[in-house]
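These are my notebook entries on a two-chain model, written down in the order in which I looked things up.

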Amino acid sequence: MADEDDDLILSELPDEELVPQMHDDLYDGLRDEVVEGVEILLERGWTPYRVLTEALVAGMTVVGNDFRDGILFVPEVLLAANAMKAGMGILKPLLAETGAPRMGKMVIGTVKGDIHDIGKNLVSMMMEGAGFEVVDLGINTDVDRYLAALDAEQPDILGMSALLTTTMPYMKVVIDTLAEKGIREDYIVLVGGAPLNEEFGRAIGADAYCRDAAVAVETAKAHVARKHNQAVAG
Amino acid sequence: MTAPDDRALTEAGLAPGGRGRVLVIACGALAHEILALKRANGWNHLDLACLPAIWHNHPERIAPGLREAVGRHRAGYGTILVAYADCGTGGALARTCAELGVEMIEGPHCYAFFDGLDAFAARAEDELTAFYLTDFLARQFDAFVWRPLGLDRHPDLIEAYFGNYDRLVYLAQTEDPALDARARDCAARLGLAYERRPTGYGDLARFLAARA
């Protein structure tokens, strides 16, 4: 995207030019430039939450849309995600201090037998960017670890990810166990991963299948809002 | 039949020779192995057609591609066999084969049927962190792994893709020191420990022998 401004000095750009430039840098996976942009905006008195949403999340949304539309591919998305992660590394402690809005809490993990975590990590990052607290259980997560985390963290959402057709059925094992224990309805269950689809999500009893990280964020927001409204009404 | 070119097998597959009463429709990554079995066993009644091996990276294309191939070739053969396992299709290939009345190989993928389904399943937990290559994939590592993952342009992404793996297991169909060296090099490029496991043709040979 930005290839003509090799000697661009970010600190000399006004905010209205710096932010779109950061979106370009994020798109191009330029980690150092994104970090520099975050630091400049903070120095200029932007709140961490505003930097996160307007500079990083907005930029990553463009990346996500272009991935969905087949314009960008996984390597480019990973580079952009690494750049965003570096920017978020600066913002995260500040967000806690400055009382950024909290959307809810999610426990997430790649299911038992599966060590693929690229998609899960993207979802975790975008959920954090959207204001969710995320407890990431990592890879190869068995039902006992999911249950222990749900009990300890009391999240709004359980997220499960799988890349393999051989491991995705394990999601049903987890959901069935929740049902057996009578706690299925205590959580919003979102599932995702390359071989999954909506039909599979419905068949195993998840609340929703999420095609990508952006959809996961929007789905999580909608379900949390619905749950909140039901609680208020009930 | 002369040995087909790996690049053609990857991108285009292989057209059948047009002779024989049994047609095997296979993944292009199995062409050399099936032709070797045909030669070794004198299966002159067996013909081979291959779908593009690169569909390994696009499993959603396999079932529709197979349906089209069976439709195209059915009239010319008494029997059609499908040399695929599930191969990431999530059961779609099995459903398609059942609908078309053709037999396919059991198991999740070619790693499992080369190794032998039972042996592979028994090792599954211990080898959760293993990345597999076969003879074909060792030869075509750049086309199937390195370039599609963007590692030719961004080798720093190796950690993101392979950080949870600890070893590369080369399931060797043949005794070939050059391929062994190549697979070892693939492991080194990915920063993984290396193991070579001779499998021969495993359940592929048993599947064909029982039906050919």
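Before anything else I fixed what I would call a helix, since one entry below depends on where a helix ends: helices are DSSP runs of H or I with at least four residues, and strands are runs of E with at least two, numbered from the N terminus. I also kept in mind that this is a predicted model.

**Entry 1: helix α2 of chain B and its surroundings**

I looked just past the end of α2(B) and found that Gly42(B) takes a positive phi of about 65°. Within α2(B) itself, I noted Ala31(B), Glu33(B), Ile34(B), Leu35(B), Leu37(B) and Lys38(B) as buried, a list that includes Glu33(B) and Lys38(B). I then asked what covers the buried residues of α2(B). The cover includes α1, β1 (22–27), β2 (46–51), β3 (79–83) and α11 of chain B.

I followed β1(B) next, and found that five of its six residues are buried, so β1(B) is largely enclosed by the rest of the structure. β1(B) pairs with β2(B) in the parallel sense, over six bridges, and in that pairing Ala26(B) has Cys50(B) of β2(B) as its bridge partner.

At α11(B) I recorded Gly202(B), Asp203(B), Leu204(B), Ala205(B), Phe207(B) and Leu208(B) as buried. These buried residues pack against α2, β3, α5 (110–115) and α6 (117–123) of chain B.

**Entry 2: the two domains of chain B**

The domain assignment splits chain B into domain 1, made of 6–109 + 201–211, and domain 2, which is 111–198. Their centres, taken over C-alpha atoms, are separated by 23 Å, and 18 residues of domain 1 of chain B are in contact with 16 residues of domain 2 of chain B. On the domain 1 side of this contact, α1 (6–11), α2 (31–41) and α11 (202–211) of chain B each supply at least two residues, and α11(B) gives the most, with three residues. By class, I counted that side as seven nonpolar, seven polar and four charged residues.

I compared this with the record: UniProt, in an unreviewed entry, places "domain: DUF1638" on residues 50–207 of chain B. In the model, the end C-alpha atoms of residues 50–207 of chain B lie 17 Å apart, and the span is 44% helix and 16% strand.

**Entry 3: an open sheet in chain B**

Which strands make up the open sheet of chain B, and in what order? There are three, in the order β5-β6-β7, and the pairing is parallel. β5 (130–133) and β7 (193–198) of chain B stand at the edges with a single partner strand each, so one side of each has no neighbour in the sheet. Neighbouring strands here are turned by 25° against each other on average, direction ignored.

Looking closer at one pair, I found that β5(B) and β6(B), residues 167–172, are joined in the parallel sense over four bridges, with Leu133(B) opposite Tyr170(B) in β6(B). Helix α10 of chain B, residues 177–190, packs on the sheet and touches β5, β6 and β7 of chain B, its direction making about 150° with that of β7(B).

**Entry 4: chain A and its own domains**

Chain A is divided into domain 1 (14–98) and domain 2 (104–233), with 25 Å between their centres, taken over C-alpha atoms. Here 13 residues of domain 1 of chain A are in contact with 10 residues of domain 2 of chain A. α3 (48–68) and α4 of chain A each supply at least two residues of the domain 1 side, and the largest share, eight residues, comes from α3(A). That side has nine nonpolar, two polar and two charged residues.

For residues 9–103 of chain A, UniProt lists "domain: B12-binding N-terminal", again from an unreviewed entry; in the model this span is 76% helix and 0% strand, and its end C-alpha atoms lie 36 Å apart.

I also checked one residue of helix α2 (residues 31–43) of chain A, namely Asp32(A). Is Asp32(A) buried or exposed? Asp32(A) has 10 other C-beta atoms within 10 Å, and because 12 or fewer counts as exposed, I entered it as exposed. Its C-alpha atom is separated by 8.9 Å from that of Gly87(A), 55 residues apart along the chain.

**Entry 5: where the chains meet**

The contact between the chains takes 12 residues from chain A and 14 residues from chain B. On the side of chain A, helix α4 (residues 74–98) gives the most, with three residues, and by class that side has seven nonpolar, four polar and one charged residues.

Key. Residues are numbered from 1 along each chain as its sequence is written. Chains are lettered from A and ligands numbered from 1 in the order in which they are written. This is a predicted model: local features need pLDDT of at least 70, side-chain atom pairs count only at pLDDT 80 or more; totals for chains, interfaces and linings use all residues. Two strands pair if DSSP finds at least two bridges between them. Axes are lines fitted to C-alpha atoms, for helices over the stretch in contact, and angles run from 0 to 180 degrees between N-to-C directions. Two residues are in contact if their C-beta atoms, placed from the backbone, lie within 7 Å. UniProt positions are given in the numbering used here, feature names are shortened, and annotations may be inferred rather than shown by experiment. Ala, Val, Leu, Ile, Met, Phe, Trp, Tyr, Cys and Pro count as nonpolar, Asp, Glu, Lys and Arg as charged, and the others, Gly among them, as polar. Domain bounds come from an automatic or database domain assignment. A residue is buried if 20 or more other C-beta atoms lie within 10 Å of its own, exposed if 12 or fewer, and partly exposed in between; C-beta atoms are placed from the backbone.
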